[in-house]
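Reader: I'm new to this one and would love a close look at one part of it. Could you start with a single pair of packed pieces and then show me what lies around them?

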Amino acid sequence: MSGNDVWVLGGGVICGIGNNVPECIASFRQMKPGMTTMQYLSSTHRDSFPVVEVKADNATLAARAGLPAHISRTALLSAVAAKEAWNSAQLGNIREYRVGLVSANTVGGMDKTEDFFAEYLQDNQSGRLRNVVNHECGSITELVADTLGIRHHVSTISTACSSSANAIMYGARLLKNNLVDVVIAGGTDALTRFTLNGFNTLMILDQQACRPFDDTRTGLNLGEGAGYIVMVSDAIAKKMEIHPWCKLTGYANANDAYHQTASSPDGIGNYLAMQQAMEMAGITPADMSYINLHGTGTLNNDLSEGTAIQRLFGNAVPPVSSTKSFTGHTLGASGGIEAVFAALAVKEGYLYPNAQFSHQMKELTFSPVTTFSEGNVINNVMSNSFGFGGNCSSLVFSKDVNT
Amino acid sequence: MDSTGLNITGSVVIRNNRIYRNNVVIWETPEDQPLPDFLRAAYDHFSGQYPKFHKMDHLSKLGWLAAEVLLQHRPFTGYAPEQVGLILANRSASLDTDLRYFDSIKEFPSPALFVYTLANIVMGEISIRHGFKGENAFFTSDAYDEQLLMDYTKQLLAEGAVSAVLCGWIEVMGSGYEVILHQIEK
Amino acid sequence: MENLMATLKAQIVEQLNLQEVKPEDIGDDMPLFKDGLGLDSIDALELIVLLQQHYRIRIANPEKGPEIFHSVRTIADFITAHQQQNN
């Protein structure tokens, strides 16, 4: 694939365990997951379900994002993480490049729509319309592109929990086709009553801290946040001095074609996504150093994902962990947040812990890593994102053999 | 091949209660027929035999129907399941269903409605129906950017990610809807 | 019991939007999931909503679903047992 490489130059994250990347890493290091009683979201389920909220109100986020405080939290989180990502890439003035923003989300401006709806339901002549104008998913990306000064290519992808991973795939293709010089790709989602109530009706929310890949797991915790990586193509990389984190060497998406929300028992979609991403990266199972699991903590996901991993890796499963045991499931943002963690694992030799693990799953022969470590030899990392609609994506990040 | 450089082997358009295949009206109902009735009548006309249809939201029903109209006429044959992809887009994502779900919350939130509050579920339904396991992407944007979807499809075919694609626009919001779906083969 | 089962069949058809099934097509002991009526995990959740809405019975643990929702008769038994318990 030489000559068609995609370089990862930096990343940004805001989520329930940190307002930026160094804070997130500190939380992993100190084994501090972010589940708490909800503080910012108002819900009748406040005392039933822990959530992993970003620990900042909208006014604080707006000040950091350079946006007005009345717009959707989904856009505020996005702008904060995208700015951190851009700055970490050390590319200078964004206006000097053809830049693409590919940002995924699933809730759009739902948080503001909910505020509108409360008043509107009482009286259909009331409610502030400015609360609903940015409801749709695409409009969140437009708001953030405007504040970042991005004019060349703006796209929104909405494929449930794999949205961000698909945004990164799409971004890589924009680079390979020389449509832009630089891509900021990932996703964002804010916590809303809509999603909380919805996952509650599906009865897959855990009332305690979630326990991914643990035999006693009973569901997921919802989180919120945003995560983006900054990528450039080989051609652009050669023209300037860059300080890459790693390369994006493989990606694939497959459809499980089984059920609207449940994964197939054999995890065929998961298997195809992982297998094809590794094939594209030109690596074998033995070359894989770490897998950042989708690992939501539901009975169904972890069994399907685990079964697919066992089928692909046999008796030689590499270290694995689900960082959702810290961040909760951030839905449309999860693939972006976890891509940053995965790329950073290659750069720094990190292995992230899986919190709340104590019981080996009966159906599996492997178990997740439970402690944080650094300085490991990490050549290839896979990040899994498997979503509703059978939408399964895997990304592979690799060390540049020449550095 | 046409001017897009793609081998488009079929197209379906559904609007104003008319179904066009390859630019010819193949079935229609009165323009003022409500969308749910139109969808049910179309289901009965184009096969039935798929009871799960009735549980779908309007977005999925439209996608399912468009795929049915294309693939009954010209099935994808000779492609492995993982070689058939779906690239779709629309304006309102799943908003039509989001609002219906909001409405159900007043009494009992409906799990069956909630599962359709994501735009890409329509791709899942088409994949389940036809056994497609290839790449899926769903874009949301203000207007139908056919060029973008065609270019993207071209890229997928070129890099070997898939060998056949259903791509197009499936929009529904309240009583307004529009479907444009193309069948593209290597 | 017969009345309850007949009512349940009509409610199931309505709640699950089984437009091509008539209530009388559902046998008392016909398995509702998989090979029988072919219901799936989302239908199971809708059945939980049905019990809550029409019979004021809450099932907090979806794990119990397969046992309770095996057939119309098992649901009727469950409802009857629950109502006797509360009397």
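Reader: At what angle do helix 1 (residues 2–15) of chain C and helix 4 (residues 72–86) of chain C pack, and how far apart are their axes?

Author: Sure, but a word on the ground rules. This is a predicted model, where local features need pLDDT of at least 70 and side-chain atom pairs count only at pLDDT 80 or more, while totals for chains, interfaces and linings use all residues. Residues are numbered from 1 along each chain as its sequence is written, and chains are lettered from A and ligands numbered from 1 in the order in which they are written.

Now your pair. Two packed helices are described by the angle between their axes and the distance between the axes. Helix 1 of chain C and helix 4 of chain C pack at about 115°, and their axes are 9 Å apart. (Axes are lines fitted to C-alpha atoms, for helices over the stretch in contact, and angles run from 0 to 180 degrees between N-to-C directions. Helices, H or I of at least four residues, and strands, E of at least two, are DSSP runs numbered from the N terminus.) The crossing of these two helices is right-handed; a crossing is right-handed if the near helix is turned clockwise from the far one by less than a right angle, and left-handed if anticlockwise.

Who touches whom? From helix 1 of chain C come L4(C), M5(C), L8(C) and K9(C), and they meet V72(C), R73(C), I75(C), A76(C) and I79(C) of helix 4 of chain C. (Two residues are in contact if their C-beta atoms, placed from the backbone, lie within 7 Å.) That set divides into 7 nonpolar, no polar and 2 charged residues. Here Ala, Val, Leu, Ile, Met, Phe, Trp, Tyr, Cys and Pro count as nonpolar, Asp, Glu, Lys and Arg as charged, and the others, Gly among them, as polar.

Step back to the whole of chain C. It has 4 helices and 0 strands, so to speak a plain α-α-α-α when read along the sequence. Its C-alpha trace spans about 35 × 25 × 20 Å along the principal axes. A compact globule of 87 residues would have a radius of gyration near 12 Å, and chain C agrees, with 12 Å. (The radius is taken over C-alpha atoms, and the globule rule is 2.2 Å times the number of residues to the power 0.38.) Of the 87 residues in chain C, 26% count as buried, where buried takes 20 or more other C-beta atoms, placed from the backbone, within 10 Å of a residue's own, exposed takes 12 or fewer, and partly exposed is in between. Among contacts in chain C between residues at least 6 apart in sequence, 56% join residues at least 24 apart.

Chain C also touches chain B: 8 residues from chain B and 10 residues from chain C take part. On the chain B side, those residues divide into 5 nonpolar, 2 polar and 1 charged.

Chain B offers a second helix pair to set beside yours. The axes of helix 2 (residues 58–73) of chain B and helix 5 (residues 121–130) of chain B come within 8 Å and cross at roughly 40°. That makes helix 2 of chain B oblique to helix 5 of chain B. (Under 35 degrees counts as roughly parallel, over 145 as roughly antiparallel, 65 to 115 as roughly perpendicular, and the rest as oblique.) The crossing of helix 2 of chain B and helix 5 of chain B is right-handed. Among the residues making the contact are A67(B) of helix 2 and R129(B) of helix 5 of chain B.

Look closely at A67(B). It is buried, with 24 other C-beta atoms within 10 Å. Leaving aside neighbours within four places in sequence, A67(B) is in contact with I126(B), R129(B), H130(B), L166(B) and L181(B). A67(B) and R129(B) are 62 residues apart in sequence, but 9.4 Å apart in space, C-alpha to C-alpha.

Helix 5 of chain B is mostly covered, with 7 of its 10 residues buried; E125(B) and I126(B) are among them. The cover includes strand 6 of chain A, along with helix 2, strand 4 (84–90), strand 5 (136–140) and strand 6 (164–173) of chain B. Just after helix 5 of chain B, G131(B) takes a positive phi of about 75°.

Finally, chain A. Its contact with chain B takes 35 residues from chain A and 33 residues from chain B. The chain A side divides into 12 nonpolar, 21 polar and 2 charged residues.
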